[in-house]
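Hello,

The structure we discussed is below. My notes on the sheet, the helices packed on it and the cores follow.

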Amino acid sequence: MATLSPLLKQATPVLAERGEGVYLYDTDGRRHLDFTAGIGVTNTGHCHPRVVEAAQKQVATLIHGQYTTVMHEPLLRLVDALGEVLPDGLDSLFFLNSGSEAVEASIRLARHATGRQNIVVFHGSFHGRTMGAAALTTAGTKFRAGIGPLMPGVAVAPFPQAYRYGWSEDEAVRFALRELDYLLATVSPASDTAAFMVEPVLGEGGYIPAPPAFLEGLRERADRHGILLVVDEVQTGFGRTGRFWGHQHSAARPDVLITAKGLASGFPLSAIAAPAALMEKAWPGSQGGTYGGNAVACAAALATLRVVQDEDLVGNSARQGARLGDGLRKVAADHPVIGDVRGLGLMQASEFTGADGEPDAAAAQRAHKAAAERGLLLLTCGAYGNVVRMIPPLIVTAEQVDEALGLWSAAVADAVG
């Protein structure tokens, strides 16, 4: 008898039978408000009719056309459509299956293109679990413990976590950029540094937005030293933060953009985008793969993009994200155990801390569990597991946001008394 690995722990007790919009239904027929969206994947909601139709139609015509063997129309149409929304100049795409794979591909590209070996990442980063991506991940030791030695050539600089440091945002940004300069002077010389890799909002690291001045400071240093700026938009892309791309809350422009999660509404698909002149510096044979650019996934991604555009899901993310953030702050005002509420768009989080300011993971876990019992599905994150995050589909309505806030308020009251 076979079983799933015992390490695969469920965040909620739900045995899902079907999904519709912002709701999941379990095998007992109970409806759950899904504010996890498959970890930020189902941006168009569960089983959006247009995505379902596109995938069903494609399954009936061509399921797998391996794209270094033959070319297929869904991939070509998707490339054209993404050209409408990618930042100016990022006109060349390479498709893969997962965020981790795309991160790995960006490492290869950065090293090939610059002839340099080092990658600088930032405290709290999450870039994946594969060996190269894990070496870049500092959101928690569980992602990298016991598998060393990890890939060399990685240096870690501070991220401007204002709440953690007890500083203003400006103070945190000045500190982080000053320490980055120090790192370039002491650990990873600019002449050996291929790329800075950064998330516009730390994901597993605690849902901490990167201040615009920080991203702009990275861009300035990248330009000054000939370093590439690689922006990991795996979770923040496709409207999640209230802009199409998370980095667009700043004036910084990436040299390489990584996307996955919301790209195809649940079908496995990821990509890196870069200027053609940069992409062509990758060495022959360094890009490829059996399933990347799968025809069904590409058809679903094209339908996803059109839904995002036609239904103004980026605008809805900004509007409902503001409503959700305001509501979360009101809940926090009644419960001092919630020390901070933060986020961008529909990527919001509440951090639980004790009276001494130390992380209170137990309270966060109790609130998370109480919410699930009431029918609101959430996730935790942060190095200490003391942050509860809300990531609803971008189709969420004001009424559903208010419903979630009511359930959350009751759950926190249950959790902290």
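Sheet and cores

In strand 10, Ser270 is the bridge partner of Leu96. This is a predicted model, in which local features need pLDDT of at least 70 and side-chain atom pairs count only at pLDDT 80 or more, while totals for chains, interfaces and linings use all residues. Residues are numbered from 1 along each chain as its sequence is written, and side-chain values use heavy atoms, with hydrogens and water left out.

Strand 4 and strand 10 (residues 270–274) pair in the antiparallel sense over 5 bridges; pairing requires at least two DSSP bridges between two strands. Strands (E, at least two residues) and helices (H or I, at least four) are DSSP runs numbered from the N terminus. The open sheet has 7 strands in the order 4-10-9-8-7-5-6, with mixed pairing. Its edge strands are strand 4 (92–96) and strand 6 (154–157).

Helix 8 (residues 212–225) lies across strand 5, strand 7 and strand 8 (contact: heavy atoms within 4.5 Å). Helix 8 runs at about 170 degrees to strand 7, with axes fitted to C-alpha atoms, for helices over the stretch in contact, and angles from 0 to 180 degrees between N-to-C directions.

The largest nonpolar core (buried Ala, Val, Leu, Ile, Met, Phe, Trp, Tyr and Cys joined through side-chain atoms within 4.5 Å) has 87 residues. Buried means under 20% relative accessible area, with a 1.4 Å probe and protein chains only. Phe352, Leu376 and Trp408 touch the most other members. Helix 13 (residues 398–416) gives the most to this core, with 8 residues.

Regards

Note on methods
Buried < 20%, exposed > 50% of the residue type's maximum accessible area, 1.4 Å probe, protein only.
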